[in-house]
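Colleague: Hey, can you walk me through this one? I'd like to get a feel for it before class.

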Amino acid sequence: MAAEEPKSEKGYDDDDDDDDDDETKSVSVNVLFFARARDLTGKSVVSLKIPCGSSAGSTMERLLCMFPRLQEICKSMLLAINEEYADESTLLKHGDELAIIPPLSGG
Amino acid sequence: MERRAIEEEINKLQVEKLRIESRIISLQSQLNQNGQQKQLDDKNLSGWKTTSSPPYGDHGLSKELIYRYSRHLLLPDFGIQGQANLLNSSILVVGAGGLGSPVALYLAACGVGRLGIVDNDIVELNNLQRQIIHTEAFIGKHKVESAAAACRAINSTIDVIEHKGALLAVNALDIISKYDVVVDATDNIPTRYMINDGCVLLNKPLVSGAALGLEGQLTIYHYNGGPCYRCLFPTPPPTSACQRCSDSGVLGVVPGIIGCLQALEAIKLASSVGVSLSGRMLLFDALSARIRTVKIRERSLNCDACGENPIFTKKLFRSFDYENFTETPIFDLSCENLMLLSKEARGSSNEYEELLNNGKPHVLLDVRPAHHFQIASLPNSINIPLPNIEKELFTIDSALKEIGQCKETDSLYVICRRGNDSQIAVQILHQNGYSTAKDLIGGLISWANLVNCDFPIY
Ligand SMILES: [Zn+2]
């Protein structure tokens with residue numbers, strides 16, 4: 001099953017072909033990158049298939065494998081799922097939107 | 001008269017007409033400026049404030065203030081009480097740059113009783129694209145003076161306090177303590193932590209905004225039991241993650257929008273009107289024209305600043321080294337600071353000029369991003385952006401081949417904007433067998449300063 005298409009965002013990426021093709025065991029989520037996370041990944045959104053029951057933390061680990069440069073900000077960032085506060089242990093559901101928000105400092 | 005002679009006469013007269021017209025326009029604008037100055041002088045002499053009538057009614061607003069703020073007073077949700085609260089309040093704006101410009105202008109216009117502005121910077125030409133409070137006439141002058149003058153020009157009935165110089169741990173508590181609300185409109189991480197800690201210690205709400213590139217962020221810290229900056233970011237981001245406008249660029253209107261929203265939130269706090277952004281963070285994405293508001297975490301009980309057992313006392317605060325804590329300098333040095341290479345692996349702009357004058361064949365590699373290279377570059381330089389070097393070594397090889405040189409040549413030079421990336425590039429080249437590649441100290445900025453003053457600096 002193809003990952004859900006994010007709508008008309010810059011840097012849209014859909015080629016994360018997951019090994020796990022079992023529909024019942026994986027869910028699709030969109031990951032939104034802000035600020036420095038956008039520089040480091042070169043994308044503002046990616047669509048991702050993750051095992052059912054994955055937490056924000058384990059999804060973050062997956063993202064670190066895909067984008068090792070994200071290591072730079074992973075100790076200083078906010079996570080939000082569907083615009084609500086999330087921490088590493090918050091679980092993701094199918095269709096969720098995980099936002100990765102490092103602080104901006106410019107002014 | 002011959003037809004041709006008439007045409008010539010017409011042409012001549014038209015040129016003359018243009019000259020006279022432009023002269024008239026120039027004289028008129030001089031007259032207007034003098035007139036405005038005269039009006040200003042007259043006004044200052046008569047004194048706007050001294051013509052002010054006594055307060056009318058319980059709210060304390062004079063008839064002049066009622067007229068000035070009438071559009072606020074007409075708002076049922078704001079009204080005379082909101083305005084009276086605002087007039088009795090004091091707000092400190094830290095930073096008179098891209099964010100601080102609209103903040104200070106709107107706070108002055110809307111009638112905050114006492115408006116403090118802190119900044120240590122001087123107005124520069126390359127600020128004016130976004131720092132709309134400053135004008136060309138103030139280039140070279142202190143931003144605080146310029147901003148205060150602009151605020152007073154809009155509203156001479158409020159107190160505008162100039163805090164010239166940087167907000168530092170040694171003076172921050174004294175300055176912050178004089179105000180009810182603090183607006184963080186600064187451009188660097190160490191100052192952001194410092195303002196946060198100061199606001200927590202003195203129990204002041206902090207309206208925090210940030211902008212870079214095409215994005216902005218906005219929230220309110222330490223208000224109504226909400227989190228502080230340290231609750232959200234107990235660990236400072238590494239220096240590499242703290243981009244500045246002078247490196248990454250910023251579209252002028254982006255900090256303008258965030259600054260306007262900061263002014264709005266500060267006005268709401270000061271006038272006790274509406275629901276604040278505390279506990280939520282607004283994310284502005286100019287490129288996709290999208291604003292998101294995300295819920296952020298609650299106050300952390302383990303927070304070093306606002307938790308149950310905070311480590312910060314006023315005494316510790318005054319001596320706390322924020323630059324060391326964040327590993328980031330407060331001031332934008334905008335010059336080379338990396339020292340990765342030995343002396344032998346570096347050349348100066350003047351040496352490179354000599355080499356050009358001698359007509360020595362060589363290859364000059366420019367490792368800036370392509371969009372920088374498009375602004376201005378040295379003749380015959382080859383652009384390979386730093387991240388691509390290892391992938392494009394063949395380009396260097398073929399350029400060297402053209403001048404009859406091989407990898408080990410001493411004719412390979414590397415340049416960038418300021419002389420940092422060029423050092424990293426030379427290290428990569430050395431590792432790849434280009435054993436005597438050299439970088440140019442201080443980059444193109446040094447070239448413009450030392451050799452060719454016509455070369456554009458950006
Ligand atoms: Zn805190």
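**A chat about two chains**

Modeller: Sure, let's begin with chain A: it has two helices and five strands (DSSP runs, with at least four residues of H or I for a helix and at least two of E for a strand, numbered from the N terminus). Keep in mind that this is a predicted model, where local features need pLDDT of at least 70, side-chain atom pairs count only at pLDDT 80 or more, and totals for chains, interfaces and linings use all residues. Residues are numbered from 1 along each chain as written, chains are lettered from A and ligands numbered from 1 in written order, and side-chain values use heavy atoms, leaving out hydrogens and water.

Colleague: In what order do the elements of chain A run from the N terminus?

Modeller: They go β-α-β-α-β-β-β.

Colleague: And how much of chain A counts as buried?

Modeller: 55% of its 107 residues. Buried means under 20% relative accessible area, exposed is over 50%, and partly exposed is in between, using a 1.4 Å probe and protein chains only.

Colleague: OK, switching to chain B. How many helices and strands does chain B have?

Modeller: Chain B has 18 helices and 13 strands. Its radius of gyration is 28 Å, well over the 23 Å that the globule rule gives for 458 residues, so chain B is more spread out than a compact globule. That radius is taken over C-alpha atoms, and the rule is 2.2 Å times the number of residues to the power 0.38.

Colleague: What does the C-alpha trace of chain B span along its principal axes?

Modeller: About 95 × 90 × 40 Å. Of the 458 residues in chain B, 47% count as buried.

Colleague: New topic: how many salt bridges are there over all chains?

Modeller: The count is 19, where a salt bridge is a side-chain nitrogen of Lys or Arg within 4 Å of a carboxyl oxygen of Asp or Glu. One of them pairs Arg3(B) with Glu7(B) at 3.6 Å, N to O.

Colleague: Where do Arg3(B) and Glu7(B) sit?

Modeller: Both are in helix α1 (residues 3-46) of chain B, four residues apart, which puts about one helical turn between them. Arg3(B) is exposed at 65% relative accessible area, while Glu7(B) is partly exposed at 41%.

Colleague: What about Arg192(B) and Asp184(B), buried or exposed?

Modeller: Both are buried, and their side chains meet in a salt bridge at 3.7 Å, N to O. Over in chain A, Arg36(A), Asp39(A) and Glu72(A) are joined into one network by salt bridges that share partners.
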